[in-house]
Amino acid sequence: MTETATLIIDGRSYELPVLTGTEGERALDISRLRSRTGLITLDDSYANTGSCASQITYIDGENGVLRYRGVPIEDLAARSSFVEVAELLIFGELPDDEERAEFRDLLTENSALHRDMRKHFDGFPADAHPMAILSAMINAIQAYDLPEIHITDAGGFRRAAAALIAKTRTIAAASYKSHIGQPIAYPRYDLPYAENFLHMMFSVPYRDYEATPEVAHALNMFLVLHADHEQNCSTSTVRMVASGGANLFTSVSAGVNALWGPLHGGANMAVIEMLESIHEQGTPVARYIDQAKDKKSGVKLMGFGHRIYRNFDPRAKILKQAADDLLESMHITDPLLDIARQVEEAALADDYFRERRLYPNVDFYSGIILRAIGIPLDMFTVLFAIGRTPGWIAHWKEIHDNPDQRIHRPRQLYVGDPLTEWLPMGER
Ligand code: CMC
């Protein structure tokens with residue numbers, strides 16, 4: 001028997017179905033609320049709204065659990081390549097040898113940009129933000145790769161997914177090369193995804209960049225940990241755009257823009273800027289924490305807090321250890337890592353952060369890793385976008401494949417002016 005909850009409005013009772021997810025979490029189904037009662041629900045910023053039922057990623061924010069298609073993030077971060085995780089997210093299962101080889105070939109075949117697309121890089125000013133370039137170029141793919149955008153079968157979708165994952169990397173590296181005035185480096189087909197990206201970023205015509213195994217492992221892990229995070233701001237954007245029937249490339253381009261903000265993916269840049277300013281100005285950590293607690297200061301502790309996690313973000317735990325390991329293997333001492341540790345310790349001991357259950361999130365330590373690898377600061381959010389691309393594709397597919405999918409169209413409570421008379425110019 002379906003469980004229900006009773007809602008009483010104006011003395012009338014309504015039974016609302018209660019749905020239960022795989023892990024026992026429960027949701028009130030209000031999809032017929034308005035047609036039955038005339039009322040809508042109001043949940044500004046969606047803190048309490050499930051926008052869909054999804055099979056892709058599971059988060060238990062109370063206990064710091066994250067799984068892709070049921071597989072714990074800790075196992076994936078330690079053992080899987082980014083491409084394998086992309087296949088898990090997009091197609092639902094870890095690939096076997098044959099599937100992995102086939103998808104790798106598709107990535108290889110689709111990594112180059114159409115020759116004319118390279119002209120677009122010249123159209124951007126030299127100081128254009130790489131996130132602006134990335135979203136514009138992803139959107140532009142559809143103008144050049146028309147067969148990929150009209151997805152009619154599973155094979156076409158596999159090709160489009162591979163093209164997007166491969167070309168996102170190419171665009172990101174090429175935007176950096178254009179910015180610093182170096183020739184674009186072509187992908188090397190013998191390298192795994194993360195190492196190939198580093199090659200495309202740092203190789204020059206007279207010297208090939210060779211990533212150490214530690215650097216390659218750290219970047220692979222970074223990408224795996226960013227690959228999906230259920231209905232976050234950018235993924236919800238992708239789903240919203242996709243629900244209107246938009247193609248994969250346009251939907252993902254919208255996701256890149258949504259990711260850019262400092263409360264979302266832009267936080268990885270903002271954390272390093274925060275740590276740099278503490279370092280350069282010699283601000284005592286305790287004073288910075290006081291500022292972050294003062295709502296009037298306009299200062300937040302970047303890389304802290306999360307809508308869903310009310311406990312440690314499991315990604316932050318892994319990345320903290322990975323940052324330690326990487327810096328040790330590279331014999332680097334980064335003063336920002338020390339400051340980050342002090343900030344974390346001070347915040348976790350402070351009542352303000354404890355009472356609000358604010359912990360380090362994925363962005364708190366990830367920038368230390370990217371800095372050590374040599375990724376320039378304004379590319380940090382681009383790296384997040386490369387990592388998140390498989391997740392966006394998986395969510396686009398979930399919308400695209402759902403025969404019952406309707407356009408996403410939230411309602412609102414209008415609180416503006418009542419009926420107002422139109423006045424001619426002289427009377428306004
Ligand atoms: N520093 C200081 N106070 C904070 C912070 C912070 N980083 N985060 C939350 N708070 C306070 C907030 O002011 C509120 O206080 P009060 O109850 O007195 O009004 C309380 O904690 C609850 O926070 P909230 O505003 O309900 O949190 P939210 O779920 O709306 O926002 C967040 C989540 C991640 C946007 C926010 O914690 C934040 O701005 N953090 C800093 C930016 C950041 O690191 N973003 C990356 C998020 S993880 C990766 C990703 O999604 O891309």
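## Hairpins, one helix face and internal cavities

In the hairpin formed by strand 4 and strand 5, four residues lie between the strands, and G64 adopts a positive phi near 65°. The model is a predicted one.

Strand 4 (residues 57-60) pairs with strand 5 in the antiparallel sense, over four bridges. Within this pairing, I59 has L66 of strand 5 as its bridge partner. Strand 5 covers residues 65-68 and has two unlike faces: L66 and Y68 are on the covered face, while V65 and R67 are on the uncovered one. This fits a general pattern: in a regular strand, side chains alternate between the two faces of the sheet.

Strand 5 also pairs with strand 6 (residues 71-72), again antiparallel, through two bridges. Here Y68, a residue of the covered face of strand 5, has V71 of strand 6 as its bridge partner. Strand 5 and strand 6 make a hairpin with two residues between them, and R69 in that turn has a positive phi of about 50°.

Another hairpin is built from strand 1 (residues 4-9) and strand 2 (residues 12-20), which run antiparallel and are joined by six bridges. T4 is opposite P17 of strand 2. Two residues separate strand 1 from strand 2, and D10 in the turn has a positive phi of about 50°.

Helix 14 spans residues 285-293, and its buried residues are V285, Y288, I289 and A292. Viewed down the axis of helix 14, these buried residues fall within an arc of 100°, so they line one face of the helix. The spacing has a general basis: an α-helix has 3.6 residues a turn, so residues three or four places apart point the same way. The cover over the buried residues of helix 14 includes helix 13 (267-281), helix 16 (335-348) and helix 17 (351-355).

How many cavities of 30 Å³ or more are there? The count is three. The table describes the largest and the second largest.

| Cavity | Volume | Lining residues | Lining make-up |
|---|---|---|---|
| Largest | about 70 Å³ | S111, A112, L113, R118, T170, I184, A185, Y186, P187 | six nonpolar, two polar, one charged |
| Second largest | about 40 Å³ | R188, L191, E195, H199, Y209, E210, A211 | three nonpolar, one polar, three charged |

The one charged residue in the lining of the largest cavity is R118. In the second largest cavity, the three charged lining residues are R188, E195 and E210.

Notes
Residues are numbered from 1 along each chain as its sequence is written. This is a predicted model: local features need pLDDT of at least 70, side-chain atom pairs count only at pLDDT 80 or more; totals for chains, interfaces and linings use all residues. Side-chain values use heavy atoms; hydrogens and water are left out. Buried means under 20% relative accessible area, exposed over 50%, partly exposed in between (1.4 Å probe, protein chains only). Two strands pair if DSSP finds at least two bridges between them. The arc is that of the directions from the helix axis to the C-beta atoms. Contact means heavy atoms within 4.5 Å. On a 1 Å grid over the protein atoms alone, a cavity is a set of points where a 1.4 Å probe fits but cannot get out, and a pocket is an open set with protein on both sides within 12 Å along at least five of seven lines; lining residues have an atom within 4 Å of a point. Grid points are joined across faces, edges and corners, and a volume is the space filled by probe spheres set on the points.
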